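Here are a few short exercises on ring pairs and helix packing. Have a go at each one before you read its solution.

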Amino acid sequence: MESIKKVKLGNQGLIVPAVGLGCMGMTQIAGHDIYGKADEAESIATIHRSLELGGSFLDTADLYGPLLNERLVAKAIKGNRNKYIIATKFGYEIDDNEQLTWHINGQKDYVRKAVERSLKNLGTDYIDLYYLHRLDPNTPVEETVETMAALVKEGKVGYIGLSEVSSKTIKRAHAIHPLTAVQTEYSFFERGPEVDGIIDTLKELNIGFVAYSPLGRGFINGEIKTPDDFADNDFRKTIPRFQGEAFYKNIELVNEIKKLANEKNVTASQLAIAWIVEKGFLPIPGTKRVKYVEENIAATGITLTAAEIDRLEKIVPLGVSTGARYDDANMQMIDQ
């Protein structure tokens, strides 16, 4: 039943479907709903349907929950572990009471503690792709990556990656052990990796680029009409991009994207995914519903002409401001 092409992620040997499934929204984070309320049975059904269509690449993290997301993934993949490619992340420190401290920890001992906990929560003895979720400003990246490299040698981890890091950090880390992937927010609304030279660095080093939030955290599907459409505990209420003048300006951009989508008889979300795939990157749109995982996987079959890509990129050109993508505290956790 597979209906999705496979692509190389980096040059270390990892082969993945052309679109992944972001699992973050399938559980809360520290009591906050992520993109609306989640239903465990529907989330698991979504993971199973994704696999039926060839969408075997799942992206989770110990932060999500915390820990609850990995445990949900474990339920979904039980009995079929070898059919899935599992990526998870560590770095947001979680204490022995399973509570977030909101510090980033990349120290050697914590890396080992985190991986053993993730292996247990995922119900597996290996993780296909293991990311450092955010750079620890108090620990040299070389120290963190040396420990991650040791996990590869021990067979606990297949490949390693980093999330939300600068070109300088990528080069330092890659010199210690080859990175397979770097994950960063990327969409029509967030093209910072192109502006900052990160894409150029990844191409130079043959490292794969994984685009999270490729649908602009739900903006692009057009279901959100006003800032009041969010529930009180929806984390998007804290993001400047979804507030005030920036919100309404971005809705205008979405409407322009939808015009081309309508001409091609696809959804705006599918167009956004197809655009990232055409650029040679790996989008990992998050969903917890069967309907949308089917739609997202179908997007990998859409082709875009050079003229269509140019038209799309002129709607939200490089350098245009769409509002900050996190609040101040979270922006400070990003290595720039």
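Phe90 and Tyr130 are both buried. Keep in mind that this is a predicted model.

**Exercise 1.** Work out how the rings of Phe90 and Tyr130 are arranged, and what the pair ties together.

*Solution.* Start with the geometry: the ring centres of Phe90 and Tyr130 are 4.8 Å apart, with 25° between the planes. Planes under 30 degrees apart count as stacked, so Phe90 and Tyr130 are a stacked pair. Next, place the residues: Phe90 sits in strand S5 (residues 85–90) and Tyr130 in strand S8 (residues 127–132). The pair therefore ties together parts 40 residues apart in sequence.

**Exercise 2.** Do the same for Phe209 and Phe281.

*Solution.* Here the centres are 5.0 Å apart and the planes make an angle of 90°, an edge-to-face pair. Phe209 belongs to strand S11 (residues 208–212), while Phe281 is in the loop between helix H9 (268–278) and strand S12 (282–283), so the parts tied together are 72 residues apart in sequence. For burial, the cut-off is under 20% relative accessible area. Phe209 has 4%, so it counts as buried, and Phe281 is buried with 10%. Zooming out, ring pairs join Phe209 and Phe281 with Tyr186, Phe188 and Trp275 in a cluster.

**Exercise 3.** Describe how helices H4 and H5 pack.

*Solution.* The axes of H4 (residues 141–153) and H5 (residues 167–176) come within 9 Å and cross at roughly 40°, so the helices are oblique to each other. The crossing is right-handed. H4 brings Val141, Glu142, Val145 and Glu146 to the contact, and H5 brings Thr169, Arg172, Ala173 and Ile176. Sorted by class, that's four nonpolar, one polar and three charged residues.

Conventions: Residues are numbered from 1 along each chain as its sequence is written. This is a predicted model: local features need pLDDT of at least 70, side-chain atom pairs count only at pLDDT 80 or more; totals for chains, interfaces and linings use all residues. Side-chain values use heavy atoms; hydrogens and water are left out. Axes are lines fitted to C-alpha atoms, for helices over the stretch in contact, and angles run from 0 to 180 degrees between N-to-C directions. Helices (H or I, at least four residues) and strands (E, at least two) are DSSP runs, numbered from the N terminus. Angles under 35 degrees count as roughly parallel, over 145 as roughly antiparallel, 65 to 115 as roughly perpendicular and the rest as oblique. A crossing is left-handed if the near helix is turned anticlockwise from the far one by less than a right angle, and right-handed if clockwise. Contact means heavy atoms within 4.5 Å. Ala, Val, Leu, Ile, Met, Phe, Trp, Tyr, Cys and Pro count as nonpolar, Asp, Glu, Lys and Arg as charged, and the others, Gly among them, as polar. Rings of Phe, Tyr and Trp (its six-membered ring) pair if their centres lie within 6.5 Å; planes under 30 degrees apart count as stacked, over 60 as edge-to-face and the rest as tilted. Buried means under 20% relative accessible area, exposed over 50%, partly exposed in between (1.4 Å probe, protein chains only).
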